[in-house]
Amino acid sequence: MSKERDTFVSKKLAKMSLEEKVGQLLTFTWRGTMFTPSGIEQVTKLHCGGLCLEPYAVETCKNLYWGNSQFDQNFKKPKGYFAISNTYFAGSNFGISITPEEYAERLKRWQEIAMDRPSGVPLHITIDFEGDFKNDYMSGGIRQFPGPMGMAAIGDTKITYKIGATIGKMLSAMGVTQMYSPVCDVNTNPKNPEIGVRSFGDDPEVCAEHAVALIKGFQDNGIAGTAKHFPGRGSSGTDAHDVLEVLDLSKKRMQEVDLVPFKAAIDAGVKAIMTGHSVYPAYDKKYPTTLSENILTGLLREELGFKGVIVSDAIGMAAILKKWPLPKACVMALNAGVDTILLKADDESRSQTFFGIKRAVEKGELSRERLDEAVTRLLKMKYDQGIFTSAPKIDPKKTYKVTTDKKVIDFSWDVAKKAQIIMRDNKKLLPLNKKQKILVIEQRIPYEFCGKDPYMHTHMLCERMVDHSENVILADTEFSAFEDEIKECLALAKQVDIVVMTNYFARIVKSGNNQLLVKKLKKAGHKVVVVTNNPYVEGTTAEADVVVCNFSATPDSIRSSADLLFGKFKPRAATKVPVKLGKQKSAPEKKLKAKKKSKNPLDLSYC
């Protein structure tokens, strides 16, 4: 197998032009469901090696990445430079619901476009499908699962493996080839704004065990796993989308904590590892991991022995671009040891990156040996996964059969129930009953992160509560309630015996969550039951009378929480919060004034 693969890859590489090799190093995005000239040309003219699937409604050059432009104003265009087409849609629009089989048809078309290129190299189709709020395809009843912390809470690696295997079967049947998961960060900082429940917990051994189980589940079912964010951002107090943080950890601490899950992932044969954008002075005092030869080549390759593909985290994060312009940063990353650059952009920065790397090769700033080394690794991964033969044979009928399998559906419900914890009920207010008048207040999940169909929408808790009792008043708020919404909820609460509300936390929503509304309701003397996805104080709040944590704002988890509130099943005794909570102080809540017309009232950060 290895000899046949090496011969195949060697012949393929020998026939590829410089432009085709440079393109293989780039993973661009495909947002929504539409084909556009811009999207097609990034494959055909910029020769990209992969597409990262994004949940946002449309692709448009008007998008900013986390509020920032990635375009290098000082970029000097080399000879032969060209810009590909742009699409001028509005930057924030609602998308459409699309079934898994319809998505499979589109991914098949992408592979046909790619394999029709002179190189004949298929795309690696990548996705984030971590669970909770980080699922980048949610339509058509696709089953979603609790994120890593929910898996660790259940505490059974056989279940974690089965979750990985189930996700792998569903997504590979659609045409996905690579998963940007699992998160291997050990979340030792409860105030970490970027990792949190995306981590398996704060115990490195627990994180390692579940990460390995998830990786094996993915990779046994056609999906290349990607351990992230190397060498570990669990102790961070900032978000790399916003700032470059220096994590001054000793080598001893990193070896005993942060690196443990990554070592286990490497030993388990993980296909790829994604870099984290932080500086680790113990290994490199100057450069963040993504740009650090000391860390990527010295630590990851030479010391830890990783032989797979190194993926950059999205290169356009402020942690990188505030100091290094995009084309230069990409060249630096490749020289440091990155094999494929993830660039989430819909504008001319794609051309700048492509031609910036090409010019660096022509000038000798990036050696042809390093270029060929990176391309070879990518081609080998595609070959090992069988993508050269399977890519054009995606079968939408098979997709439908897999994603609607009763075993998958039943398993999803089983996991959702197992991951439920009653974290607080000191006044014994549960179970609820039909005689009580209940006010149900549900945060509206950002529309980009909903399936937009009967299975996944913004009122799943309200809908399920009505299944149990019609003696309810239904209300909703933005993810973080505005002043007028708080006033309305306080008025409605006077009519009821008890309030049931969501207090989900999502890092993607910069305005915060509904902690303030919980406090206002309690101050007004009401009984408050909170359903949250987050076991930290941001989700549980100190004031709520009852707190149910489901680790996941996904359909079966949300609906199971309603069932639990009404006593339809009892929490599993073995399920435990997999982090030490201790005494936590609530962060100051943002007080949002009445809504104004805005392109982005939620302060939603596109990623």
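These are my notes from a look through the structure, entry by entry.

**Entry 1: what I have.** I am working with a predicted model, so each value below is computed from it.

**Entry 2: threonine 157.** I started with threonine 157, which sits in helix α6, a helix that runs over residues 157–174. Is threonine 157 buried, exposed or partly exposed? I got 32% relative accessibility for threonine 157, and because buried means under 20% and exposed over 50%, threonine 157 goes down as partly exposed. Next I asked which residues threonine 157 touches once its neighbours within four places in sequence are left aside. The contacts I found for threonine 157 are Glu209, His210 and Ala213. I also checked threonine 157 against serine 552: the two are 395 residues apart in sequence, and their C-alpha atoms are 18 Å apart in space.

**Entry 3: salt bridges.** How many salt bridges are there? My count came to 38. I opened up a few of them.

I took lysine 228 and glutamate 130 to begin with; their side chains form a salt bridge with an N to O distance of 2.7 Å. This pair ties together distant parts of the chain, with lysine 228 in strand β7 (residues 226–230), glutamate 130 in strand β4 (residues 129–131), and the two positions 98 residues apart. Are these partners buried or exposed? Lysine 228 is buried because its relative accessibility is 3%, and glutamate 130 is buried too, with a relative accessible area of 3%. Following the pair outwards, I found that both belong to a network of salt bridges that links Asp128, Glu130, Lys134, Asp136, Arg198 and Lys228.

Then I looked at aspartate 258 and arginine 253, whose side chains meet in a salt bridge at 2.8 Å, N to O. Aspartate 258 is at 1% relative accessibility, so I have it as buried. Arginine 253 has a relative accessible area of 23%, so I have it as partly exposed.

My last pick was aspartate 476 with arginine 444, a salt bridge whose closest N and O atoms are 2.6 Å apart. This one also joins distant parts of the chain: aspartate 476 is in strand β15 (residues 472–477), while arginine 444 is in the loop between β14 (438–443) and α18 (460–468), 32 residues apart. Aspartate 476 is partly exposed, with a relative accessible area of 21%.

**Entry 4: the largest pocket.** Back to helix α6, this time for the pocket. The volume of the largest pocket is about 580 Å³. I listed 26 residues lining the largest pocket, and the closest to its centre are Lys169, Ser172, Ala173, Asn221 and Lys398. Which helix gives the largest share of that lining? It is α6, with six residues. Besides α6, I noted α15 (387–390), α16 (396–403) and α17 (406–418), each of which supplies at least two lining residues. By class, I have nine nonpolar, nine polar and eight charged residues in the lining of the largest pocket.

**Entry 5: strand β3 and helix α3.** I checked both faces of strand β3, residues 124–127. His124 and Thr126 are buried on one side, and Ile125 and Ile127 are buried on the other, so both faces are covered. Strand β3 pairs with β2 (residues 50–54) in the parallel sense over three bridges. Across that pairing, glycine 50 is opposite histidine 124.

For helix α3 (residues 37–44) I wrote down Ser38, Gly39, Glu41, Gln42 and Val43 as buried. What covers those buried residues of α3? The cover includes β1 (26–31), β2, α4 (100–115) and α13 (349–362).

**Entry 6: cavities.** I searched the whole structure and found four cavities of 30 Å³ or more. The largest cavity holds about 230 Å³ of space. It is lined by 21 residues, with Asp132, Phe133, Val197, Arg198 and Arg507 the closest to its centre. That lining is made up of nine nonpolar, six polar and six charged residues.

The second largest cavity holds about 120 Å³. I found 18 lining residues there, and Asp128, Arg198, Asp313, Lys344 and Arg507 lie nearest the centre. By class, that lining has seven nonpolar, two polar and nine charged residues. I noted that Asp128 and Arg198, listed for this cavity, are also in the salt-bridge network from entry 3.

Conventions
Residues are numbered from 1 along each chain as its sequence is written. This is a predicted model: local features need pLDDT of at least 70, side-chain atom pairs count only at pLDDT 80 or more; totals for chains, interfaces and linings use all residues. Side-chain values use heavy atoms; hydrogens and water are left out. Helices (H or I, at least four residues) and strands (E, at least two) are DSSP runs, numbered from the N terminus. Buried means under 20% relative accessible area, exposed over 50%, partly exposed in between (1.4 Å probe, protein chains only). Contact means heavy atoms within 4.5 Å. A salt bridge is a side-chain nitrogen of Lys or Arg within 4 Å of a carboxyl oxygen of Asp or Glu. On a 1 Å grid over the protein atoms alone, a cavity is a set of points where a 1.4 Å probe fits but cannot get out, and a pocket is an open set with protein on both sides within 12 Å along at least five of seven lines; lining residues have an atom within 4 Å of a point. Grid points are joined across faces, edges and corners, and a volume is the space filled by probe spheres set on the points. Ala, Val, Leu, Ile, Met, Phe, Trp, Tyr, Cys and Pro count as nonpolar, Asp, Glu, Lys and Arg as charged, and the others, Gly among them, as polar. Two strands pair if DSSP finds at least two bridges between them.
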